[in-house]
Amino acid sequence: MSADNDASLSIYDETLGSKLAQKAKEAPFVPIGMAGFAAIVAYGLFKLRSRGDTKMSVHLIHTSVGAQGFVVGAMTVGILYSMYREYWVKPKP
């Protein structure tokens, strides 16, 4: 009974970083999409001061479209990569 207890406790000992690292190994384009999203939003906030005559709403719409486009692109490349690994690289029985 103590062996079952030790096994179940080891599941809860995982940290957030180890879970993220495990998920990144399974789907490497998820952290890339998250990092790209954060980078585009940070760039949009940085350029907010020097937007010129552009209205703030238009600037924010352009920033959000760019960030969402990057995430959708990363998801598409990730899906294509997983299909490639599953159907072309994996040996057929």
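**Two helices and a shared pocket**

Phe29 counts as partly exposed, because its relative accessibility is 23%. Here, buried means under 20% relative accessible area, exposed means over 50%, and partly exposed lies in between (1.4 Å probe, protein chains only). The model is predicted, so local features need pLDDT of at least 70 and side-chain atom pairs count only at pLDDT 80 or more, while totals for chains, interfaces and linings use all residues. Residues are numbered from 1 along each chain as its sequence is written, and side-chain values use heavy atoms, with hydrogens and water left out.

The overall fold comes next. The chain has 4 helices and 0 strands. Read from the N terminus, the order is α-α-α-α. Helices (H or I, at least four residues) and strands (E, at least two) are DSSP runs, numbered from the N terminus. The chain holds 93 residues, and 9% of them count as buried. About 7,800 Å² of the chain is exposed. Carbon and sulfur atoms supply 67% of that area. Such areas come from the Shrake-Rupley method with a 1.4 Å probe; for residues, only the protein chains shown count as cover.

The UniProt record adds an annotation. An unreviewed entry lists residues 28-46 and 58-84 under "transmembrane region". Its positions are given in the numbering used here, feature names are shortened, and annotations may be inferred rather than shown by experiment. In the model, residues 28-46 are 95% helix and 0% strand. The end C-alpha atoms of that span lie 28 Å apart. Residues 58-84 are 100% helix and 0% strand. For this span, the end C-alpha atoms are 38 Å apart.

Phe29 belongs to helix 3, which covers residues 29-46. Which residues does Phe29 contact beyond its neighbours within four places in sequence? They are Ala74, Val77, Gly78 and Tyr81. Contact means heavy atoms within 4.5 Å. Gly78 is 49 residues from Phe29 along the chain, yet their C-alpha atoms are separated by 5.3 Å. Gly73 offers another pairing with Phe29. These two residues are 44 apart along the chain, with 9.7 Å between their C-alpha atoms. Gly73 lies in helix 4. Its relative accessible area is 31%, so Gly73 is partly exposed.

Two glycines of helix 3 follow. Gly33 lies in helix 3. Its relative accessibility is 6%, so Gly33 counts as buried. Gly33 is in contact with Phe70, Val71 and Ala74, leaving aside neighbours within four places in sequence. Between the C-alpha atoms of Gly33 and Ala74 there are 5.3 Å, although 41 residues separate the two along the chain. Gly36 also has its place in helix 3. Gly36 counts as buried because its relative accessibility is 10%. Gly36 and Ala67 are 31 residues apart in sequence, and their C-alpha atoms are 7.3 Å apart in space.

Helix 4 covers residues 56-89 and includes Thr63. Is Thr63 buried or exposed? Thr63 is buried, because its relative accessible area is 15%. Thr63 touches Ile40, Val41 and Gly44, not counting residues up to four places away in sequence. His59 is another residue of helix 4. At 13% relative accessibility, His59 counts as buried. With residues up to four places away in sequence not counted, His59 touches Gly44, Lys47, Leu48, Arg51 and Thr54. Gly44 is thus touched by Thr63 and by His59.

The pocket search used a 1 Å grid over the protein atoms alone. On this grid, a pocket is an open set of points where a 1.4 Å probe fits, with protein on both sides within 12 Å along at least five of seven lines; lining residues have an atom within 4 Å of a point. The largest pocket has a volume of about 170 Å³. Fifteen residues line this pocket, and Phe29, Val30, Ala74, Met75 and Gly78 are the closest to its centre. Helix 3 and helix 4 are the elements that give two or more residues to the lining. Helix 4 gives the most, with 8 residues. A volume is the space filled by probe spheres set on the points, which are joined across faces, edges and corners.

The pocket lining divides into 10 nonpolar, 3 polar and 2 charged residues. Ala, Val, Leu, Ile, Met, Phe, Trp, Tyr, Cys and Pro count as nonpolar, Asp, Glu, Lys and Arg as charged, and the others, Gly among them, as polar. Phe29 thus returns at the pocket: it is among the lining residues closest to the centre, and Ala74 and Gly78 are among its contacts.
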